[in-house]
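Morning, everyone. Please have the sequence and the model open while I talk. I'll go through it piece by piece.

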Amino acid sequence: MDTYSLRRTPPPADAAGEPCAATVRALEEQVAQLQQAVRSHARVDQAIGVLVAAGRISPEEGWDVLREVSMHTNIKLRVLAGLVVEGARTGRCDERVARALRARLRGRAAGRAGGAGT
């Protein structure tokens, strides 16, 4: 059987020919999880953009800063990303998060300044 045929195979059916309720529930749960993952990914990308603009750093450095601050503050990455985006929108940010972000961004700037002369 080729891949196309496998994709077109209907889900298992119960005695009445309807898709099994368990299969439908499992697929609905999987869809919900995938939708959440897409939303989280978009928010993380937005937060990286904020850090890139605010810190004048590369997207890779923005990812590193976000990840480091998440680990340092013990805030889940997707939650931290939401706080960063919301802070950029409102101009208000949790002080603990703001301090951690500033420290990491200053560290990046100092690393670039120190490496410029070598």
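How many nonpolar, polar and charged residues are in the lining of the largest pocket? Here is the count: nine nonpolar, one polar and one charged. Keep in mind that this is a predicted model.

Let's find that pocket. Its space comes to about 160 Å³. Its lining includes Val-50, Leu-51 and Ala-54. Val-84, Gly-87 and Ala-88 are also among the lining residues. So are Cys-93, Ala-98, Leu-101, Arg-102 and Leu-105. Now sort them by element. Helices α2, α4 and α5 each give two or more residues to this lining. For your bookmarks, α4 covers 77–90 and α5 covers 95–115. Which element gives the most to the lining? That is α5, with four residues.

Now step back to the chain. The protein chain has 118 residues. Its secondary structure is five helices and zero strands. Reading from the N terminus, the order is α-α-α-α-α. Of the residues, 23% count as buried. What about contacts along the chain? Take the contacts between residues at least 6 apart in sequence. Of these, 48% join residues at least 24 apart.

Next, one helix pair. Look at α2, residues 21–55, and α3, residues 59–73. Their axes are 8 Å apart, and they pack at an angle of about 110°. Are they roughly parallel or roughly perpendicular? An angle from 65 to 115 degrees counts as roughly perpendicular. Therefore α2 and α3 are roughly perpendicular to each other.

Who makes the contact? From α2 we have Val-44, Ala-47, Ile-48, Leu-51 and Val-52. From α3 we have Pro-59, Gly-62, Trp-63, Val-65 and Leu-66. By class, that contact has nine nonpolar residues, one polar and no charged. Leu-51 is a name to remember: it is on the contact list for α2, and it also lines the largest pocket.

Let's zoom in on Ile-48. This residue sits in helix α2. Is Ile-48 buried or exposed? Its relative accessibility is 12%. Buried means under 20%, so Ile-48 counts as buried. Now its partners. Leave out the neighbours within four places in sequence. Ile-48 then contacts Pro-59, Gly-62, Trp-63 and Leu-66. One distance to add: Ile-48 and Asp-64 are 16 residues apart in sequence. C-alpha to C-alpha, that pair is 9.1 Å apart in space.

Staying with helix α3, find Glu-61. Its relative accessible area is 18%, so Glu-61 is buried. What does Glu-61 touch, not counting residues up to four places away in sequence? Two arginines: Arg-108 and Arg-112.

Now the loops. Arg-56 lies in the loop between α2 and α3. Its phi is positive, about 50°, although Arg-56 is not a glycine. Arg-56 has 75% relative accessibility. Exposed means over 50%, so Arg-56 counts as exposed. Move on to the loop between α3 and α4, where you find Asn-74. Asn-74 also isn't a glycine, and its phi is positive, near 60°. At 72% relative accessibility, Asn-74 counts as exposed.

Last stop, helix α4. Val-79 is found there. Its relative accessible area is 38%, so Val-79 is partly exposed. How far is the C-alpha atom of Val-79 from that of Arg-43? The separation is 9.1 Å, and the two are 36 residues apart along the chain.

Arg-89 is in α4 too. Here the relative accessible area is 62%, so Arg-89 is exposed. Pair it with Val-50, 39 residues apart along the chain. Their C-alpha atoms are separated by 9.8 Å. Val-50 should sound familiar: it is one of the residues lining the largest pocket.

Quick recap. We have five helices and zero strands. We have α2 and α3 packed at about 110°. And we have a largest pocket of about 160 Å³, with α5 giving the most to its lining. Thanks, I'll take questions.

Conventions
Residues are numbered from 1 along each chain as its sequence is written. This is a predicted model: local features need pLDDT of at least 70, side-chain atom pairs count only at pLDDT 80 or more; totals for chains, interfaces and linings use all residues. Side-chain values use heavy atoms; hydrogens and water are left out. Axes are lines fitted to C-alpha atoms, for helices over the stretch in contact, and angles run from 0 to 180 degrees between N-to-C directions. Angles under 35 degrees count as roughly parallel, over 145 as roughly antiparallel, 65 to 115 as roughly perpendicular and the rest as oblique. Contact means heavy atoms within 4.5 Å. Ala, Val, Leu, Ile, Met, Phe, Trp, Tyr, Cys and Pro count as nonpolar, Asp, Glu, Lys and Arg as charged, and the others, Gly among them, as polar. Buried means under 20% relative accessible area, exposed over 50%, partly exposed in between (1.4 Å probe, protein chains only). On a 1 Å grid over the protein atoms alone, a cavity is a set of points where a 1.4 Å probe fits but cannot get out, and a pocket is an open set with protein on both sides within 12 Å along at least five of seven lines; lining residues have an atom within 4 Å of a point. Grid points are joined across faces, edges and corners, and a volume is the space filled by probe spheres set on the points.
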